[in-house]
Amino acid sequence: KSTGYDGEMISSNWIAGNGPSHFFNLHSDSLIGTIDRHNYFGGLRQGGEFVNTSMLSSPGSNILSLGLQQVSNRPFMVSEWVILNPTEWSVEGPAIIGAYGMGLQGWDVSFIFQNKDVGKINNKFVGKWQVDKPTVIGLFPAVSRQVLRGDVEESKFTIPLYVDMQSVAEGELDFKNFQEVKGDIKSYSTDKVPHEALAVGRVVVEFNDENKSTPTFNLADHTKDGFIESSTDQLKWKNGSSEMDGYFTINTEGTKAVVGFANGSKSELGNVTIQAQSRFGAIYVTALNKDETIDTDTNLLITAIARVRQTGMKVFEDLYLVEKGSAPFVMEPVKATIKIDKKERKNPVVYILDHDGVRTEETIPIEDGVIQIDTGRDTTPYYEVVYES
């Protein structure tokens, strides 16, 4: 800094131990500049078993639990994260980070870890770290618009973790800090502010010089009809009853979405209703244009993505990889009924888009604003709804 450098400074993106040592490390990082962290999820175990747990089963868990290290007066970034192959629910990654990390929590930077991309969607699995597959980068047209437009508001409701450094130096903390670390895969929580709080408001560590008690966060105050509701009223997360269960919804002016194991559910999201008819998937309705909303835009993008496997790939009980298969990818179909109520726009036409998002001449019916999508029938994850201008 004495040379005149005024850019961002990062001391480390690594953690150091648990309890007091963890907070000594976090505090020293905060004295330098931006807080940066890494986290991963999933992957293959020995014997052909792979981690096929969904992060949706427990709100705020796994990669998102990094948010318990956001410091109140510093920018926060995640410079490495990805869901490792062959874990199958990877479409939930950009959906969760986009809505809850970059949105509700107000994170500043997100970089997915990727070293071997081909500059387009790949047609096969490449190693364990992979971004260029339909279940990750395929969701970017919707999620990038949501994030850059600021559809999901940063929470003004702050949930603090007070850390008194003098007490830390004496080996004491006002709360119990839990972290599970398996190499690059980490999970965090505390007894007073559980990781589920990340689905409600902005969680921040506040370093101070006084012995200030951290309030116990009451999750029940923010839970209704089985959903954990965000302080912004834009996000709702339903806890899973098993490791392959749970889903959340997004209800903003520019983005409406249902992500996860929502088969049979009917999500009424303002002027859009989404009824999922598949076991799993990410279903988005997005205003295409930068300064528009779903109600005002003449062009809407519908995205529907579930799992992807290689041709001939065999999986037993969603857990054991029997055959790896080979290129090309085969995408799991998604079915849903979507109703869009527009106050002024008329005469909609629903175009099938190709896998590059380019409009084809093929259309599907829309009647009284109701669209029946079937990505298997239409062999695409993308549709464009066009109204008269």
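The following exchange concerns the pockets and the ten-stranded sheet of a predicted model.

Residues are numbered from 1 along each chain as its sequence is written. Local features need pLDDT of at least 70, side-chain atom pairs count only at pLDDT 80 or more, totals for chains, interfaces and linings use all residues, and side-chain values use heavy atoms, with hydrogens and water left out.

Me: How much space lies in the largest pocket?
Reply: A pocket is an open set of points on a 1 Å grid over the protein atoms alone, where a 1.4 Å probe fits, with protein on both sides within 12 Å along at least five of seven lines. Points are joined across faces, edges and corners, and the volume is the space filled by probe spheres set on them. For the largest pocket this gives about 820 Å³.

Me: Which element gives the largest share of the lining of the largest pocket?
Reply: Lining residues have an atom within 4 Å of a point, and there are 37 of them here, with Gly42, Gly43, Leu44, Val51 and Ile185 nearest the centre. Strands (E, at least two residues) and helices (H or I, at least four) are DSSP runs numbered from the N terminus. Two or more lining residues come from each of strand 1 (35-42), strand 5 (177-182) and strand 6 (185-190). The largest share, five residues, belongs to strand 6.

Me: Which strand gives the most to the lining of the second largest pocket?
Reply: This pocket, of about 440 Å³, is lined by 22 residues, including Ile121, His355 and Tyr382. Helix 3 (140-149), strand 20 (326-331) and strand 26 (382-386) each supply at least two of the lining residues. With three residues, the most comes from strand 20.

Me: Which are the edge strands of the open sheet of ten strands?
Reply: Strands pair if DSSP finds at least two bridges between them. The order in this sheet is 8-9-10-11-12-15-16-26-22-23, with antiparallel pairing. Pairing on one side only marks the edges, strand 8 (223-224) and strand 23 (359-364).

Me: Which residue in strand 16 stands opposite Ala282?
Reply: Strand 15 (281-287) and strand 16 (299-305) run antiparallel and are joined by six bridges. Opposite Ala282 stands Ile305.

Me: What angle does the direction of helix 3 make with that of strand 15?
Reply: Helix 3 packs on the sheet and touches strand 11, strand 12, strand 15, strand 16 and strand 26, contact meaning heavy atoms within 4.5 Å. Axes are lines fitted to C-alpha atoms, for helices over the stretch in contact, and angles run from 0 to 180 degrees between N-to-C directions. The angle with strand 15 is about 50°.
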